[in-house]
Amino acid sequence: MKFLSYIYDGKEDYGIVDKDSIVPIANLLKHLDKKRPETLLDFIRIYSDSLIQDLESILSKEDIENIPYDHVKVTAPIPYPRRNVFCLGKNYREHAMEVKSLPSGSKAIPDFPIYFTKVADPCIGHMDKVKIPKEYTEKIDYEVELAIVIGKDGKDIPREKAEEYIFGYTIANDITARDIQKKHSQWHKGKSLDTFLPVGPYIVHKSQIGLPVELDISCKVNGELRQKSNTRELIFDIPYIISDLSKGLTLRAGDIILTGTPAGVGMGFDPPKFLKAGDVVECYIEKIGRLVNYIE
Ligand code: MG
């Protein structure tokens, strides 16, 4: 199932993508005598794998009232994450080599995951605008990434149980101000300017994407292919990340983890190809879809 959040008729809601239409979640939950949690984040916090099976069964049997897809404004699936978004840096080999100059320890290929977090308050959605504060930065970069959405609280999660703690996967664009990132030895600020985290358009439930996660991933700027890889190339894979990050640190349902970006970012070119106003960035991940954003 593909989950999305949207605005329809002036109201925020969320539901499931069913071909060219959207089924509002309340229309499904009423068949189970369940009340609609307020947001998709609230839904994820109470969900269980068996609920997804029940929803699928209702969707296949009943004639459920829906909305044409093109009548809604898609928003980020979780516009306001419950805390900072977790991120991995330098998690594809070729990318680690192209950004050797970034501050992150002595080794180009890390021995341990490089974690940082990103403020996204809010995350922006599909077709939304990334706004460059031109008085502070002129080196804006794109980074297509597979994002994991955690499905239940967990700590000290063993690798082999990692999948139990996943709700699903989505696409993120880890927009970065390279000049700010380089100036500070921590990456946090250069990654956290307002509008610097487009996410979406959907969260695809994990039942549609089994482990190991091997999905084509790419990014185009104004139609020009810049990044192209497959998530099987991750240095630290998804079970490793969940297991390692949860050591002594409780992951919460609804947490978002960005798994790193492949080679081909703007700063990797000579001369660099940074983003400018008017650019269109299209992030693609197989089985999830396309996340398109405009630079302003
Ligand atoms: Mg990144």
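**A loop lysine, a magnesium site and a cavity in a predicted model**

K90 sits in the loop that runs between β6 (85-89) and α4 (93-98). The model here is a predicted one, and in it the phi of K90 comes out near 50°, a positive value in a residue other than glycine. That is a bit off the beaten track, since most residues other than glycine have a negative phi. K90 is also tucked away: its relative accessibility is 3%, so it counts as buried, the cut-off being under 20%.

K90 turns up again when the structure is searched for enclosed space. The whole structure yields 1 cavity of 30 Å³ or more, and about 50 Å³ of space lies in the largest cavity. Its lining is made up of 13 residues, and G89, K90, H95, E143 and W187 are the closest to the centre. Sorted by class, the lining has 5 charged residues, along with 4 polar and 4 nonpolar ones.

One of those lining residues, E143, has a second job to report, as a donor of the magnesium ion. The protein donors are E143 (OE), E145 (OE) and D174 (OD), and they lie 2.0 to 2.1 Å from the ion. Along the chain, these donors follow the spacing E-x1-E-x28-D. E143 belongs to the loop between β9 (140-141) and β10 (144-150), while D174 belongs to the loop between β11 (166-173) and β12 (176-177), so this pair ties together parts that are 31 residues apart in sequence. Like K90, which is buried at 3%, both E143 and D174 are buried.

A positive phi also shows up at T195, at about 70°, and this residue is not a glycine either. T195 is placed in the loop between α6 (188-191) and β13 (199-205). With a relative accessible area of 17%, T195 is buried.

The backbone has a couple of other quirks, this time at prolines. Most peptide bonds are trans, but a cis bond joins D121 and P122, with omega at about 10°. P122 is found in the loop between β7 (114-118) and β8 (129-130). Another cis peptide bond runs from D270 to P271, and here omega is near 0°. P271 is in a loop too, the one between β16 (256-258) and β17 (280-285).

Y136 gives a view of the outside of the protein. This tyrosine is in the loop between β8 and β9 and is exposed, its relative accessible area being 59%. Leaving aside residues up to four places away in sequence, Y136 touches D179 and I180. From Y136 to M267 it is 131 residues along the sequence, and the two are 18 Å apart in space, C-alpha to C-alpha.

Stepping back to the whole chain, the domain assignment gives domain 1 (2-74) and domain 2 (85-295). Their C-alpha centres lie 27 Å apart, and the contact between them takes 16 residues from domain 1 and 19 residues from domain 2.

Conventions
Residues are numbered from 1 along each chain as its sequence is written. This is a predicted model: local features need pLDDT of at least 70, side-chain atom pairs count only at pLDDT 80 or more; totals for chains, interfaces and linings use all residues. Side-chain values use heavy atoms; hydrogens and water are left out. Donors are N, O and S atoms within 2.8 Å of the metal (3.2 Å for Na, K and Ca); water is not among the atoms, so sites may look incomplete. Helices (H or I, at least four residues) and strands (E, at least two) are DSSP runs, numbered from the N terminus. Buried means under 20% relative accessible area, exposed over 50%, partly exposed in between (1.4 Å probe, protein chains only). On a 1 Å grid over the protein atoms alone, a cavity is a set of points where a 1.4 Å probe fits but cannot get out, and a pocket is an open set with protein on both sides within 12 Å along at least five of seven lines; lining residues have an atom within 4 Å of a point. Grid points are joined across faces, edges and corners, and a volume is the space filled by probe spheres set on the points. Ala, Val, Leu, Ile, Met, Phe, Trp, Tyr, Cys and Pro count as nonpolar, Asp, Glu, Lys and Arg as charged, and the others, Gly among them, as polar. Domain bounds come from an automatic or database domain assignment. Contact means heavy atoms within 4.5 Å.
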